[in-house]
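Colleague: Hi! I'm new to this one, could you walk me through it?
Modeller: Happy to, here it is.

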Amino acid sequence: QITTLINHKDKPKRSDKTLQAIQRVGQAVNLAVGRFVTVGEAIANENHELKEEMSVACIEARRAGETIAQLTDVASLDHPESDSHITIFTDKTGVVKAARLLLSSVTKVLVLADRIVIKQIITSRNKVLATMDQLEKVSSFQEFVQIFSQFGNEMVEFAHLTGDRQNDLKDEKKKARMAASRAVLEKCTMMLLTASKTCLRHPDCESARINKDGVFHRMRLALEQVIEIVTDSRPNGENEMAPISIYSGIKEFKNKVEGLRENLYFLSKENLSTMLEVILEHTEDFTDSAYTSHEHREHILELSKQAKMELEQLVSVWMQAQNQKTKDLMEDLEVAILKTCQCMNDLKREVHSAATSLAADLLKYHTDHMVLKALKITGVEGNLEAVAEYTCKLSEQKEQLVEMCRLLRHVSGTEPLEITCIHAEDTFQVTGPQIISAAETLALHPSSKIAKENLEVFCEAWESQLSDMSLLLREINDVFEGRRGEKRVYLSLPRPGKHNANLKALKPVKLDTEEQAKIAKLGLELHLLTSDLDSETEKWEDQENEIVQHGQGMSSMAYSMYLFTRGEGLLKTTQDLFHQAEIFATEGTKLASALHALSDQVHDDKPLLLLEAEKLISMCKQLQTTAKASAQGKSATFTKVDACILKTRNVMTLLCQLLPLCCKLLRKNKAGNGCLKPAPPWKEDRIRTGTNAARTPERRVDTFGIKSLENHVTNMTFLESK
């Protein structure tokens, strides 16, 4: 709008339409500045240390907005040039000055607000660290429960602050690092709970203490990394060493080689030779690995040798072309460039094949989690000798998976995926020894329920990371093949007044803070159910199956409704929510039809399937009736919102039971389009960094902290009573 004002043409004739348009733009700028400054002033009042700076910047912005409004107040002037009133036509430099002042002051407000956000995150981190110190030193179970309840609340606050920050980050690399750190904190919160309980129950057990210390150490590192990302700093002023991969090296090398077409003198031959040497040094990670097949190793060595020869030939022709630019020499140079680049492409393809085939084989081999199962059984039996035997096998498995992650990093293709590979490597590296110490503790105290629960938690983290690797591998293959995995996005954006005639007569409202607090528990239950349903849908190999598609769509809509309970997401008003509930119910009816179709294909449990389908239809009709019912007044509207969320939750609960049943029936009958995969795939939105594209950006960032943290806090009263 400011640019429009500055760039308007000074025509001798000015129509009423032009004058009105200029005035409207000036007023719009002033109103926008007014709203912006109101927020800035509110922030200033809450943060006294920056109040003075913020207030000055807000005053400057308001003054500039008012100046622009005055200079554009031209609509009522028939002959502005003859009037003594100063306008944009008589003083264009005034508008330019006001615009500059406005942009400068708005920038100041934004920078100050950003400093406040960073300070909030640092303060929240400090509170978490202080409570962690208390938790680490606690000696009684009752005291631990009380402090952990406080810790849970502080972690939830930290989760929300860092989630918002992650969403605001523009640098994809920082986004991936933030997501990785937050994923560590999410998983470690549950580990901290069970590891601390085990240590309290068995205070003299060395393995229990080692297990607990490992969790605390990892959480502190993750908290520190979050602050590094937020403040854009490194401890002791160190520069961050970017991980160097074969892919990025080959990409840069090829760019330099192809740049010779435009300029023969922009780099030296030593520069190119050094770049190739670095790439070939990294290929030794593959040729020296015990897990690389003999065939892949031979091909990589052959291509490395060929790459050196091609570069020698290229340098020879290049040096000649620098001295004498003949047509023949330039044609020879073009051939040498093409051959060198082709050789590098072949090398890239070979290392990609070596890394991904190894990963596919290892993930398939370790899908059954036999070692973890054996550790649990022998631990409960108190069989120390058997536990020692299986911990050796787990250590071997850990080394294999760590090596797999290192090789995948070289071929990941993008910086965010590189960071995800590094995060996965760290997770296997740390979780392996933690499982071992938890298993040793259980073997020493085989009747301890807490020790058994602790081992389960660490095993689940291992299994979860293995499952994450499945989709990570798919993402890496997508990047290599030039596609980024187009995933379905299901968002029914409500348009009040278009879909429902009754909407026009009703005033859309939002939930206030008190109402959000009342409905928070119900919303949280809905969110947990969406996570469970996502896990079930991802077990289907055929993602195009009609049942899966409807299930994914309903999960996405339920998630939007959960965000509404927190005052976030795309559903802004109660009318948006009611419309979403109607669409959700319609989708549920379609899913019921798909269940009827499935019942015709199966024999076992057919009556049960039909019964569940009818139950789903009935529940969806009830939800539709509730969503369409009129509600006048604040109290009635909130009651309707509560009823819609409750009925949606009930439908989701039923779906979480239905989908596994459908999978079971299809597997039994070996019919239909859907079948089970051995393990649920990795979710980008959990980084677990980045991103489940079947969700809106809000979902990607918000996952951390909700499932594990708020759930823990909700259950603390029950835990304390026990």
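Colleague: Let me start with one residue: is Glu281 buried or partly exposed?
Modeller: Glu281 counts as partly exposed, because its relative accessibility is 48%. Buried means under 20% relative accessible area, exposed over 50%, and partly exposed in between, with a 1.4 Å probe and protein chains only.

Colleague: Before I go on, what am I looking at?
Modeller: This is a predicted model, where local features need pLDDT of at least 70 and side-chain atom pairs count only at pLDDT 80 or more, while totals for chains, interfaces and linings use all residues. Residues are numbered from 1 along each chain as its sequence is written, and side-chain values use heavy atoms, with hydrogens and water left out.

Colleague: Thanks! Where is Glu281 found?
Modeller: Glu281 is in helix α9, which covers residues 269–287. Helices (H or I, at least four residues) and strands (E, at least two) are DSSP runs, numbered from the N terminus.

Colleague: And which residues gather with Glu281 in a patch of negative charge?
Modeller: Glu277, Glu284, Asp285 and Asp288 join Glu281 in that surface patch. Patch members have over 30% relative accessible area and no salt bridge, and like charges are joined within 9 Å. Asp and Glu count as negative, and the place of a charge is taken as CG of Asp or CD of Glu.

Colleague: Zooming out, how many helices and strands does the protein have?
Modeller: There are 23 helices and zero strands. Of the 722 residues, 50% count as buried.

Colleague: What about the accessible surface of the protein, what does that come to?
Modeller: About 34700 Å², and 51% of that belongs to carbon and sulfur atoms. Accessible areas come from the Shrake-Rupley method with a 1.4 Å probe.

Colleague: You mentioned salt bridges, so how many are there by this rule?
Modeller: The count comes to 24 salt bridges. The rule asks for a side-chain nitrogen of Lys or Arg within 4 Å of a carboxyl oxygen of Asp or Glu.

Colleague: Which residue does Lys187 meet in a salt bridge?
Modeller: Its partner is Asp468, at 3.9 Å from N to O. Lys187 lies in helix α6 (residues 172–201) and Asp468 in helix α15 (residues 449–480), so this pair ties together parts that are 281 residues apart in sequence. Lys187 is buried at a relative accessible area of 17%, and Asp468 is buried too, at 3%.

Colleague: And Arg209, what does that one pair with?
Modeller: Arg209 bridges to Asp213, with the closest N and O atoms 2.6 Å apart. They are separated by about one helical turn because they sit four residues apart in helix α7. Arg209 is partly exposed at 35%, as is Asp213 at 27%.

Colleague: Which residues are linked in a network of salt bridges?
Modeller: Asp133, Glu136 and Arg220 are linked that way.

Colleague: Back to helix α7: is Asn211 buried or exposed?
Modeller: Asn211 is buried, with a relative accessible area of 1%. Its helix, α7, spans residues 206–231.

Colleague: Then which residues does Asn211 touch?
Modeller: Leaving out residues up to four places away in sequence, Asn211 touches Ala195, Gln434, Ser437, Ala438, Asn454 and Phe458. Contact means heavy atoms within 4.5 Å.

Colleague: Last one: what is the phi of His369?
Modeller: His369 has a positive phi of about 55°, although it is not a glycine. His369 is in the loop between α11 (327–365) and α12 (370–381), and it counts as buried at 16% relative accessibility.

How values were computed. Patch = residues over 30% accessible without salt bridge, like charges linked within 9 Å, V, L, I, M, F, W, Y side chains within 5 Å.
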